[in-house]
Amino acid sequence: MHTILITGGAGFIGSHLTRLFVTKYPGYKIVNLDALTYAGNLENLKDIENNANYSFVKGDITDTALLKELFDMHQFTAVLHCAAESHVDRSITDPLAFVTTNVVGTATLLLAAKQHWHGNYEGKIFYHISTDEVYGSLGAEGFFTEETAYDPRSPYSASKASSDHLVRAFYHTYHMPVKISNCSNNYGPYHFPEKLIPLCIHNIINNKPLPIYGKGENIRDWLYVEDHVGAIDVIFHKGRIGETYNIGGHNEWTNIALVKELCRQMDTKLGRPAGDSEKLITYVKDRAGHDLRYAIDASKLKDELGWLPSLQFEEGISKTIDWYLTNSDWLNAVTSGNYQHYYEGQYVKR
Ligand code: NAD
Ligand code: TYD
């Protein structure tokens, strides 16, 4: 039995993680703490908001007093730490926001757990959700393993690397029972349309240009979000304390090949002539410090805990497109207001 504090549960991955734990473990009590930034949206959790084992608190992970109050009130036995600023492009324009939430926020949360648990770590888990971007950029060959030296290159990845180091420091220094996972790029429902896949789906629907940075030759390793949270579930329950596990799908795509696959599937689904949406592809100025390639070696997770991804990419992308086409209200709501302001700053004025 656990009483779990999930941070960032109203975001993309956090909402899938919250839904999985609330529905799969009715005996667990789940408290979702989320600041509801532009990326947080309670609509993502509409289907479980009235479940008896779930509650939501709007608040910030940098708020020491609030964290103390929540730990005292709920006596958490575990933390699943998902809250973060997560978009590389935003980290280039506003790095301090990333340091504040990802570094200071993680340290504040670690301290709150340490103070509350007070050395009584029996049955406790502090699980930190992180990214493969901490390892830097690969060339054409090789994979990131858990032993790969950290080499973050964007303010986002540097802030996540820093938070990973803090979590490990609390394990070594205070013996806090931590677990860390570093996952490759996720995709799926409820993904905010500032990231490549949902942005392109949104723009294809609206016949708007598909902005490809540089030559579109950068490579990412894509994993369906439900496979990611399934892996977190396995690591949370069976992974070893103090360990790091890499999560990935062995599913590498250049950005241009990926966007062409999206166009192909969407032409069929929207009843457009083959090749129609590809005409929207527009090459734009490259991202500053753009990492060339990410690719995960997830063999530790497979060999030790038997985890494998369940979905093939073409199927996952098809399910994802169908979700966005069915949930146009969600997409319209998150792309109104501030989104337009962001979009113009990022793409129109580039
Ligand atoms: P997201 O941006 O969709 O969601 C982040 C959530 O955190 C939002 O609900 C937001 O409101 C909340 N939040 C932000 N600042 C907060 C603060 N100060 N206090 C409380 N809540 C705050 O992000 P995501 O894509 O769901 O990523 C979740 C986690 O997974 C992050 O730690 C990210 O680094 C990691 N990750 C993401 C990916 C990916 O492909 N998206 C891959 C690997 C790891
Ligand atoms: P993104 O979804 O932002 O994830 P990350 O940068 O964390 O990997 O970007 C995925 C890839 O797509 C990355 O190589 C940058 C590229 N990209 C574009 O070409 N155009 C875009 O408009 C965006 C948002 C990303």
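A nitrogen atom of ligand 2 sits 2.8 Å from a polar backbone atom of Pro-211 in this predicted model. The shell around ligand 2 takes at least three residues from each of domain 1 (3-187 + 223-247) and domain 2 (196-219 + 252-289 + 312-344). A second molecule, ligand 1, is surrounded by 29 residues. The points below cover the two ligands, the largest nonpolar core, three buried residues and two residues with positive phi.

**Ligand 2: polar contacts and cover**

- Besides the backbone of Pro-211, two side chains approach oxygen atoms of ligand 2. An N or O atom in the side chain of Arg-220 is 2.7 Å from an oxygen atom of the ligand, and for the side chain of Asn-255 the corresponding distance is 2.9 Å.
- On its own ligand 2 has 510 Å² of accessible area, and the protein covers 98% of it.

**Ligand 2: make-up of the shell**

- The shell around ligand 2 has 18 residues, and the closest are Glu-133, Arg-220, Arg-287, His-290 and Tyr-347.
- By class, seven of the shell residues are nonpolar, five are polar and six are charged.
- Helix α3 (88-93) and strand β8 (210-213) each contribute at least two residues. The greatest contribution is that of β8, with three residues.

**Ligand 1: polar contacts and cover**

- Lys-160 has a polar side-chain atom 2.6 Å from an oxygen atom of ligand 1. Lys-160 is also listed among the closest residues to this ligand, together with Ile-13, Asp-34, Ser-86 and Tyr-156.
- A polar backbone atom of Asn-186 is 2.9 Å from an oxygen atom of ligand 1.
- A nitrogen atom of ligand 1 lies 3.0 Å from a polar side-chain atom of Thr-101.
- The protein buries 96% of the 840 Å² that ligand 1 exposes when taken alone.

**Ligand 1: make-up of the shell**

- The shell around ligand 1 divides into 13 nonpolar, 13 polar and three charged residues.
- Two helices, α1 (12-24) and α5 (155-174), and two strands, β5 (125-131) and β7 (185-187), each supply at least two residues.

**Largest nonpolar core**

- The largest nonpolar core contains 67 residues. Ile-4, Phe-21, Leu-80, Phe-236 and Ile-247 have the most contacts inside it.
- Helix α7 (residues 225-238) gives the most to this core, namely seven residues.
- At least three residues of this core come from each of domain 1 (3-187 + 223-247) and domain 2 (196-219 + 252-289 + 312-344).

**Buried polar side chains**

- His-228 is located in helix α7. Its relative accessible area is 1%, so His-228 counts as buried, the limit being under 20%.
- The side chain of His-228 makes a polar contact of 2.7 Å with the side chain of Asn-186. Asn-186 therefore appears in two settings, with its side chain paired to His-228 and a polar backbone atom 2.9 Å from an oxygen atom of ligand 1.
- Asn-218 belongs to the loop between β8 and β9 (219-224). Asn-218 is buried because its relative accessibility is 7%.
- A polar atom of the Asn-218 side chain is 3.0 Å from the backbone oxygen of Asp-291.
- Ser-277 is in the loop between α8 (255-270) and β12 (281-284), and with 1% relative accessibility it counts as buried.
- Ser-277 and Gly-9 are 268 residues apart along the chain, and 34 Å separates their C-alpha atoms.

**Positive phi outside glycine**

- Most residues other than glycine have a negative phi.
- Leu-36 has a positive phi near 50° and is not a glycine. Leu-36 lies in the loop between β2 (29-34) and β3 (54-58), and at 25% relative accessibility it counts as partly exposed.
- Gln-75, also a residue other than glycine, has a positive phi near 55°. Gln-75 lies in the loop between α2 (64-74) and β4 (78-81), and its relative accessible area of 47% makes it partly exposed.

Key
Residues numbered from 1 in each chain as written. Chains lettered and ligands numbered in written order. Predicted model: local features only at pLDDT ≥ 70, side-chain atom pairs only at ≥ 80, totals over all residues. Heavy atoms only, no water. Near = heavy atom within 4 Å. Polar contact = N/O pair within 3.5 Å; in protein donor to acceptor, adjacent residues only side chain to side chain. Areas by Shrake-Rupley, 256 points an atom, 1.4 Å probe, with all protein chains shown as cover. Helix = DSSP H or I, 4+ residues; strand = E, 2+ residues; numbered from the N terminus. Nonpolar A, V, L, I, M, F, W, Y, C, P; charged D, E, K, R; others polar. Domains from an automatic or database assignment. Core = buried A, V, L, I, M, F, W, Y, C linked by side-chain atoms within 4.5 Å. Buried < 20%, exposed > 50% of the residue type's maximum accessible area, 1.4 Å probe, protein only.
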